[in-house]
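Please look at the sequence and the model below, and then read the briefing that follows, which moves from one helix pair to the contact between two chains.

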Amino acid sequence: MQMRDFVVRFAGEGGQGVVTSAEGLAQASTKVGYHALTYATFPSQILGGPTWTQARISTQEVLSSGDDIDVLVAFNREAYETHKDEVRDGGVIIFNSNDFELEADPQSFGLPIDELARSTGNNRAANMVVIGALAHLVNMPQQYLKDFVTERFSRGRDNDQEIIEANHKALDLGRSNAEESGFNLGELADPIQPEYEQVMIKGNDAISIGAIAAGLNFYIGYPISPATTILLFMERNLIGENKFVYQVASEIEAITGLIGGGFAGKKAMTATAGPGFSLMSEGIGLAWMSEVPLVIVDVQRGGPATGLPTKTEQSDLMSCMFPAHGDVKVPIIAVGTIEECFYGAIKALNWAERYQGPVILMTEMSLAERVQNIKKPDLSKISVESRETYAGNNGYKRYAGDGMSPMPIPGQPGAYIANGSEHDDVGDTTHLASRHIQMTERRFNKIELLKENEFESQNTNSSICIVPWGGSKGPALEAFNQLKESGVDIGFYYTMLLNPLPPKMLEDLKSKELVIVPELNFQGQFSSILRSEGVNAVSITQYTGLPFKVSYLVSEIQKLCNTKVK
Amino acid sequence: MSKKNPEYDFKWCPGCGDFGVRRAIEWALIERLENSAKPIENNVVVAGIGCSGNLVHLLEGQQPYGIHGVHGRSLPIAFGVKMANPDLNVVVVAGDGDFLSIGGEHIGPQAARNLNICAVVMDNGVYGLTKGQSSPTSKVGAITSSTPFGKIEAQADPLELYLTHGATFIASGFSGQPRELAQLITRGMNHPGFAMVHVQSPCTTYNDFFTEMKGDAKNGIAPLIKPISEDHDTTSKESAYNLIRQPGVPIGVIYEDSSVATLDQKVVDIRSKARLKGAEDLLAEFSF
């Protein structure tokens, strides 16, 4: 049987090689031309705890982490018990027979992972034992994997050859053990090597590089899951003339420090998650009020308060759109794929510069830690914007008029007071009604500069359409494709520009009989916003801390379509 | 600006200590303009919220840049400004409630970084703008609108706090002596590192301790303020602690250590250790 798609879940304790096995398989597969996507979920502790990672390998570009598990690799009994029921009929379970024994599960076979790794002379080759066994199950040529190992460990060190040999041996041992088990899933179709250059990257790294490509030169942050990796990336890489990166003492320091940096002319950004975002609330209001460009990345996790720090959810939309007291509605870009992490970060910085105020880039845990192969972005084709600066003399009225105006930069003439109190045109505090009217309208008028008709759509003639946002785009698009193939008349719209929405897309949605919004929160936050804009939107919600499964969306969408038809 | 700005509707009460502090900052800025080649737009005044924060609008003469932010956050805002452009002269103006209560958490980190700014704290021992509540520097037992039965928590000692946190320049001044205060602020601005200038600035409406500070010989009241003697060793922490712990309010420079590298200098040092990369180099690291 030929397979086009292959989903493996690795489950065990943190530290058993769950993540390295999945990422190793993904890397080796993409090297020869497959597409790969990983999904990881961790416990919130330093060592140990139940953890799992899923890798999906496919001959075509993949959009979600995959519903049906072809192979479960259970590193311990708990992992086996937790995940066995999700393995599809005809799938295989590989269990670590050095950790536990199973009887009477005809779907499974034992692999003495630790023992085999030890016998290669390199305990760290355990993941290659597993990958070798998996390769046999789908008849992946052994040479693909061996070449990958050779390249990966050719690092110009004395012991390179030793490590390569041990890992090659590990691949062979895994493979021969799997052969002896008699299991075989079929043959994964040959990969199609893309014509273009690729990168294999995590969502948070893609955001970091996108921001740097857009001219980011000022980053301050505070560690918080799942946003920390952006801070770490910047600490290593945002170094050089006129660049600044710093870990500060709290999210309050981060947001107010960003205001200082943005005011003084920098392209400033921070990244945080729920609890840190809540602490930034007052500062975001100050940036909006004093008209200082800056970007806040919100890597969504689950729940209010500490919630579920290492799980995924899309429940911050309302707090991102209305993050502060008073009349505030902050521009939002919500990314849904790894490529969008890169391009969304560029757009977020461009938007902040263009309208001179705070922009929120929303992402989520499932994207932050996802590793995926994407087309290498062509940096010569991106457009980078910088704020319009003031170039006149002192005595400038910085806040004059009813829209965006050139911004003076300290060190250059044009001194004014960036004021968080309501102010007149030079920035002095005032309580005059006429000024509050003028300045409130001015702040909202500036949003008009961000209206762009950038969205994706399919089958736009249908009166019912699916409109996911953020990371639910992948599963929703797969569900849409399945429904379309089965003859359901339905449309699809998607944009990462959530505020302001693309005017043309909003106009289209208003004309629909029903707009279905799959989103990972209880309240149906995006459909509620769409309804306030006059769109007849309903949500399909889920609040498990996990991404949508395509099969669930297909059945829920069908139910909604049927109700509508009746 | 505001003197000629009819829209600006904030006023300090007559006799407010903050008038003297404003004058002292204006003089210090004028001296800076005369002695450095840098124009007025190279100066940024970062204000907190409270009576003191309005100083940024009330400055007369050539206008520096200003930020009138949110309550308690003048230090981290100043951190952002200074690290964005270390060439700027950044001055924080804040009150005791703003700086020591809601903003207290920011003193330690900036002192540890030796952020090269000068913070001028106007201490009136009360929340004035919200009409007379107890502040960290209100005395134990003080009857205020929020402590109708007397303040029950201990009175903060700001000078000892700055010293313990590791501020590398600490001066203490009095709003009734603006000339002397201007000299302290000038020294604070010129100090390479985190400079604290703590000023006794009485509130004539809710906590008028002007006479207490200045003394009243006619009525036999000895002044609380006392100039720091010339033989005080400003380079010794030990001497600084001893000075602070004596009764009364010392006026002058309490502690000064110019040997510590500033944060902006340390950041430049890091550059020599790192391999500098652009977006293209970073992207290439993920190629396969």
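**Helix packing and the chain contact**

The crossing of H1(A) and H4(A) is right-handed, meaning that the near helix is turned clockwise from the far one by less than a right angle. This is a predicted model, in which local features need pLDDT of at least 70 and side-chain atom pairs count only at pLDDT 80 or more, while totals for chains, interfaces and linings use all residues. Residues are numbered from 1 along each chain as its sequence is written, and chains are lettered from A and ligands numbered from 1 in the order in which they are written.

**The helix pair**

- The axes of H1(A) and H4(A), the latter spanning residues 126-137, cross at roughly 50 degrees and come within 9 Å, and the two helices are therefore oblique to each other, a word for angles that are not under 35 degrees, over 145 or from 65 to 115.
- Among the residues making the contact are Gly24(A) and Leu25(A) of H1(A) and Val130(A) and Ile131(A) of H4(A), where contact means that C-beta atoms, placed from the backbone, lie within 7 Å.

**Chain A against chain B**

- In the contact between the chains, 58 residues of chain A meet 48 residues of chain B.
- H9(A) gives the most to the side of chain A that touches chain B, with 9 residues.

**Strands across the chains**

- E17(A) and E2(B), the latter covering residues 65-68, run parallel and are joined by 3 bridges, where pairing needs at least two bridges found by DSSP.
- Ala418(A) stands opposite Ile67(B) in E2(B).

Definitions and conventions:
Contact = placed C-beta atoms within 7 Å. Helix = DSSP H or I, 4+ residues; strand = E, 2+ residues; numbered from the N terminus. Axes fitted to C-alpha atoms, helices over the stretch in contact; angles between N-to-C directions.
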